[in-house]
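Subject: A structure for you to look through

Hello,

Here is the structure I promised to pass on. Please have it open while you read, as my notes follow below.

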Amino acid sequence: KILFFLNMINVLVTESGGPAAIGLIKSIKKSKYKAKVYAVDTNKLSAGNLLAHEGLTVPLASDEEYLLKLLKIVASKKIHLIIPTGEHDLVKLSWNKDKFKMNGCQVFCSDTFAVQTCQQKHRFYEYLKTKNINLPLSIRGPFIKKPITGSGSRGIEVSNSRDIMIQEYISGTEYTVDVFCDMESNIISHVIRERVSTKAGISVVGRVCKNQTITEQVEKVVKELKLKGPSCMQFIVDQFAKPYLIECNPRLGGGTYISTLAGVNCADIYFDLLQNKKPEAKEAKEITVTRYFEEIIKE
């Protein structure tokens, strides 16, 4: 590998209205590197667009023009790196990594197989259930639901939909793990966060901690899915201290900025990789973080 140094890194953050994008932009501003943040979203007033050095409006990720628009931005703004933060453009970005690379831009995300496997919940379960990874029992429809006792077909409900999945309920403590891998699926750092309090599915109070059994499961998931770049895993640890993997998002999580506050800055990791430097594997500080809203005024 050839080492090189950029005086200014131009980074593109997609789906900038989400909490993951906002956390990433804040992490970039805390980075040891000088970087200019370009953010894109369908809404020009998205928080990420306003926090970035420059915010740009793009079509929906499902639109045929979305990829072309990103390629034009990469060329005109001389973007060095794309870090996706949402669900909607992951497949498109992973599938077209080479097109961006031809324009001098790297896309730090997993390959298409891993992205599609994580995004399709039953495929995710079927692929990992034989890999010595703890998963809640899951059944895809069509299925019949009926009472334990009874007769005459009373209380029986039939679902013919294959779009529904029933999953075993696991009671316990929820954890999120921010996992940062290189592009060869080697784990650089991972940060385990207990979800002390959540609102609308986003952690608003998180406690950074260590848990060896969760770490072991994380290592297995990364190995089996060959995850690259950032990912975010959700676990529930039951009363017997057994962690169950609930889902894996092959992107930054909404609470990833907590990892930055704990001393593991994802921006530093990926800027190091961009310049072919070996990132430092840091241990996260065990801290508790409370999050809150903050206003942005545009005149």
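Helices and strands in this email are DSSP runs, numbered from the N terminus, with at least four residues for a helix and at least two for a strand. With that in hand, Ser 110 is easy to place: it lies in the loop between strand S5 (106–107) and helix H6 (112–119). Please keep in mind throughout that this is a predicted model.

**The overall picture**

The protein has 10 helices and 15 strands. Its radius of gyration is 20 Å, close to the 19 Å that the globule rule gives for 299 residues, so the protein is as compact as a globular protein of that length. The C-alpha trace spans about 75 × 45 × 45 Å along the principal axes.

Buried residues make up 50% of the 299 residues. Among contacts with a separation of 6 or more, 62% come from residues 24 or more positions apart. The protein exposes about 15900 Å², and carbon and sulfur atoms supply 52% of that area. As for charge, there are 42 positive and 32 negative charges, and their mean positions are 2 Å apart.

**Ser 110 and helix H6**

Back to the loop residue from the start. Ser 110 counts as buried, at 0% relative accessibility. Its side chain reaches the backbone nitrogen of Lys 228 at 2.9 Å. Leaving out residues up to four places away in sequence, Ser 110 touches Ser 94, Lys 97, Val 115, Leu 227, Lys 228 and Pro 250.

One of those partners, Val 115, is among the buried residues of H6, together with Thr 112, Ala 114, Thr 117 and Cys 118. What covers the buried residues of H6? The cover includes helix H4 (90–95), helix H7 (121–128), helix H8 (212–225) and strand S14 (243–249).

**Helix H10**

This helix deserves a look of its own. Nine of the nine residues of H10 (residues 266–274) are buried, so the helix is largely enclosed by the rest of the structure. The buried residues include Asp 268 and Asp 272, alongside others such as Ile 269, Tyr 270 and Phe 271.

Both ends of H10 have something to show. At the N-terminal end, Asn 265 acts as a cap, with a side-chain oxygen 2.8 Å from the backbone nitrogen of Ala 267. Just after the helix, Asn 276 takes a positive phi of about 60°.

**Two more positive phi angles**

Most residues other than glycine have a negative phi, which is the reason I picked out the next two loop residues.

- Lys 78 is not a glycine, yet has a positive phi of about 55°. Lys 78 sits in the loop between helix H3 (65–77) and strand S4 (81–83), and at 58% relative accessibility it counts as exposed.
- Ser 185 has a positive phi near 65°. This residue is found in the loop between strand S10 (173–181) and strand S11 (187–199). Is Ser 185 buried or exposed? With a relative accessible area of 18%, Ser 185 is buried, because the cut-off for buried is under 20%.

**Arg 140 and Met 165**

These two residues are worth viewing together. Arg 140 is in strand S6 (residues 138–140), and Met 165 is in strand S9 (residues 165–167). Arg 140 is partly exposed, with a relative accessible area of 35%; Met 165 is also partly exposed, with 26%.

Setting aside close sequence neighbours, up to four places away, Arg 140 touches His 122, Arg 162, Ile 164 and Met 165. On the same basis, Met 165 is in contact with Lys 121, His 122, Ser 138, Ile 139 and Arg 140.

Each residue also gives a distance you can check on screen. From Arg 140 to Lys 101, 39 residues apart in sequence, the C-alpha atoms are 39 Å apart. Met 165 and Leu 50 are 115 residues apart along the chain, and their C-alpha atoms are separated by 39 Å.

**Thr 198 in strand S11**

Finally, S11 follows the loop that holds Ser 185, and Thr 198 lies in that strand. Thr 198 is partly exposed, with a relative accessible area of 38%. Beyond neighbours within four places in sequence, Thr 198 is in contact with Ser 203 and Val 204.

Enjoy exploring, and do write back with any questions.

Best wishes

How values were computed
Residues numbered from 1 in each chain as written. Predicted model: local features only at pLDDT ≥ 70, side-chain atom pairs only at ≥ 80, totals over all residues. Heavy atoms only, no water. Rg over C-alpha atoms; globule rule 2.2 N^0.38 Å. Buried < 20%, exposed > 50% of the residue type's maximum accessible area, 1.4 Å probe, protein only. Contact = heavy atoms within 4.5 Å. Areas by Shrake-Rupley, 256 points an atom, 1.4 Å probe, with all protein chains shown as cover. Lys, Arg positive; Asp, Glu negative; His and termini not counted. Charge placed at Lys NZ, Arg CZ, Asp CG, Glu CD. Polar contact = N/O pair within 3.5 Å; in protein donor to acceptor, adjacent residues only side chain to side chain.
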